[in-house]
Amino acid sequence: MPGPCPEAPEEIPGRCGFLEVPESRKHRGGRTIKLAVAIIPAASTKPVADPVVFMEGGPGGDAIGAIPFLIDSGVNRDRDLIVMTQRGGPYSQPYLTCPEIDRFNASAVGLRYDAPSTGRLLVRAAKECRDRLTADGVRLSSYNTTENAADFADLRKALGIKRWNVYGYSYGTDLALTYLRRHPDGIRTVTIDSVVPPQIVSLPWAWDSAQEGINTIFAACEAQPSCKSRYPDLSRTLTEQVRRLEANPLTLTVQPPGGGSPVKVVLDGGALVNLLVTNGGALPAAEVPAALDELARGNPERLARAQAAGAGIPAVPQAYGLTHSVVCAEWAPGFTKSDILKAGRQAFPGWPDTVLAHAPQLPFQYDLCRVWNVPDRTAIQRVTTFSKVPTLIISGSFDAKTGASWGPYAGRTLPRSTAVLIPGIGHFVVPQSPCAQSVLASFLARPTSPDTSCVAGLAPGPFTITPEPENA
């Protein structure tokens with residue numbers, strides 16, 4: 001149904017409305033929910049008929065907030081761009097925010113990352129959110145990838161679209177592959193950017209991606225003579241600093257990168273690792289060698305400022321009600337805390353077990369999932385997608401959230417897929433890479449023979465090189 005566009009931080013240059021769907025397709029007669037939809041017209045005066053539909057990451061990320069990046073990337077150059085919030089996501093009704101968790105996250109920059117007391121605070125915040133949402137009548141078990149995929153199938157029919165092109169990133173690739181498997185009708189092409197294969201994603205899996213992304217950054221430094229000579233043996237430096245900070249955390253007061261009042265931050269081994277895994281934003285990959293070198297020489301300011309970036313509450317908070325419903329039903333089951341520790345030890349031998357016991361970005365998740373209490377959905381969701389629909393697979397070599405090798409892994413059962421690796425780019429590749437944008441445009445024009453020639457000439461950009469200390 002048509003409606004006003006959401007009041008997002010940036011105005012939406014298109015028309016908007018809501019898709020109304022059942023909260024649970026298994027429980028007919030229950031309540032319905034509304035998902036915000038925005039349609040951005042093609043920039044071309046002669047647009048192609050089949051639009052692009054975008055699937056956001058997270059789970060629980062801000063799909064509407066991605067529109068400026070998608071427009072700047074030319075995704076709507078020749079086709080209309082359709083963006084829909086996932087169920088429970090920002091601007092949907094209900095919007096499953098967890099202010100309790102937002103407040104915890106803002107305060108957690110000043111706590112030990114992996115201390116049991118920190119975990120208890122996180123679990124308490126999650127329980128408070130869950131209790132509030134369920135008291136409001138939210139059926140958390142319905143906020144899952146199966147229902148998300150069905151929502152997009154309903155959207156295509158509601159808009160009367162014969163065929164469209166699917167583009168998902170991060171969790172949106174998990175969703176896109178699930179959608180392709182369960183609702184193959186009307187899909188002309190699929191593009192997956194920063195790939196999360198539904199058949200493999202789990203909490204231990206996060207350590208494999210962290211190792212691949214971090215080690216690729218270090219290898220890129222080694223390949224640049226100025227970086228190699230200035231920052232030798234980064235792997236050893238990182239191990240030493242993780243061990244040192246875990247044994248003796250640093251407490252500092254620093255100003256967040258975006259300004260504002262100084263905040264207290266704590267840097268321990270787990271916090272350091274988490275900053276590297278979330279590379280980009282407050283700590284770009286290009287600054288990682290310099291940041292580690294400065295830390296080793298007694299100057300933690302660069303890392304502390306990056307940690308302080310998490311002290312605020314976002315203008316559009318993540319929908320943690322969706323995040324944890326997906327993670328606890330689809331990613332956590334079937335493995336244990338000991339499996340995470342084992343995967344961590346394999347990825348980073350010699351690191352403290354207190355660091356390795358927590359999946360990067362998802363600390364204390366099993367404790368949280370116990371109170372979140374949603375049913376195991378892995379039998380339905382942890383399934384490989386086989387399809388002959390033309391698929392473009394895009395990965396960034398520096399991605400420590402979704403390791404680059406998982407793109408070709410997903411492509412093994414997609415015989416008409418083209419996989420491209422963009423050197424020197426982290427998570428969410430297309431908005432960061434003109435070459436990836438060119439490949440995507442070519443793929444949408446010619447799905448079976450995209451022009452990937454620009455990739456061959458790419459190399460990671462230069463790293464930040466700080467002056468050599470005088471007493472070195």
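**Reading helix packing and cores**

Mentor: Let's kick off with a pair of helices: α9 and α11 are roughly perpendicular to each other. Keep in mind that this is a predicted model.

Trainee: How do I read a packed pair like that, and what are the angle and the axis distance for α9 and α11?

Mentor: In general, a packed pair is described by two things, the angle between the axes and the distance between them. Here, helix α9 (residues 269–277) meets helix α11 (residues 301–308) at about 75°, and their axes are 11 Å apart. Angles of 65 to 115 degrees count as roughly perpendicular, so α9 and α11 get that label.

Trainee: Which residues make the contact?

Mentor: From α9 you have Ala271, Leu272 and Leu275, and from α11 Leu303, Ala306 and Gln307. By class, that contact of α9 with α11 has five nonpolar residues, one polar and no charged ones.

Trainee: Now α8 and α10: at what angle do they pack?

Mentor: Same recipe. Helix α8 (residues 234–247) packs on helix α10 (residues 288–296) at about 50°, with the axes 10 Å apart. That angle makes α8 oblique to α10. The crossing of α8 past α10 is left-handed.

Trainee: And what sits in the contact of α8 with α10, class by class?

Mentor: Seven nonpolar residues, two polar and one charged. On the α8 side they are Leu234, Thr237, Leu238, Gln241, Arg244 and Leu245, while α10 brings Pro289, Leu292, Leu295 and Ala296.

Trainee: Let's move to cores. Which members of the largest nonpolar core touch the most other members?

Mentor: A core is read as buried nonpolar residues joined through their side chains. The largest one here has 113 residues, and Val166, Tyr179, Trp207, Leu238, Trp351 and Trp372 touch the most other members. Helix α6 (residues 205–223) supplies the largest share of this core, nine residues. Another core, of 35 residues, lies apart from it, with Ala36, Ile394, Ile422 and Val439 among them.

Trainee: What does tyrosine 179 contact beyond its sequence neighbours?

Mentor: Leaving out neighbours within four places in sequence, Tyr179 is in contact with Met55, Ala149, Phe152, Ala153, Arg156, Trp164, Val166, Pro184 and Ile187.

Trainee: One last residue: is histidine 324 buried or exposed?

Mentor: Check its relative accessibility against the cut-off: under 20% is buried. Histidine 324 has 5%, so it counts as buried. You'll find histidine 324 in helix α12 (residues 320–331). Not counting residues up to four places away in sequence, histidine 324 touches Ile101, Ala329, Gln365, Leu368 and Trp372.

Definitions and conventions: Residues are numbered from 1 along each chain as its sequence is written. This is a predicted model: local features need pLDDT of at least 70, side-chain atom pairs count only at pLDDT 80 or more; totals for chains, interfaces and linings use all residues. Side-chain values use heavy atoms; hydrogens and water are left out. A nonpolar core is a set of buried Ala, Val, Leu, Ile, Met, Phe, Trp, Tyr and Cys residues joined through side-chain atoms within 4.5 Å. Buried means under 20% relative accessible area, exposed over 50%, partly exposed in between (1.4 Å probe, protein chains only). Helices (H or I, at least four residues) and strands (E, at least two) are DSSP runs, numbered from the N terminus. Contact means heavy atoms within 4.5 Å. Axes are lines fitted to C-alpha atoms, for helices over the stretch in contact, and angles run from 0 to 180 degrees between N-to-C directions. Angles under 35 degrees count as roughly parallel, over 145 as roughly antiparallel, 65 to 115 as roughly perpendicular and the rest as oblique. A crossing is left-handed if the near helix is turned anticlockwise from the far one by less than a right angle, and right-handed if clockwise. Ala, Val, Leu, Ile, Met, Phe, Trp, Tyr, Cys and Pro count as nonpolar, Asp, Glu, Lys and Arg as charged, and the others, Gly among them, as polar.
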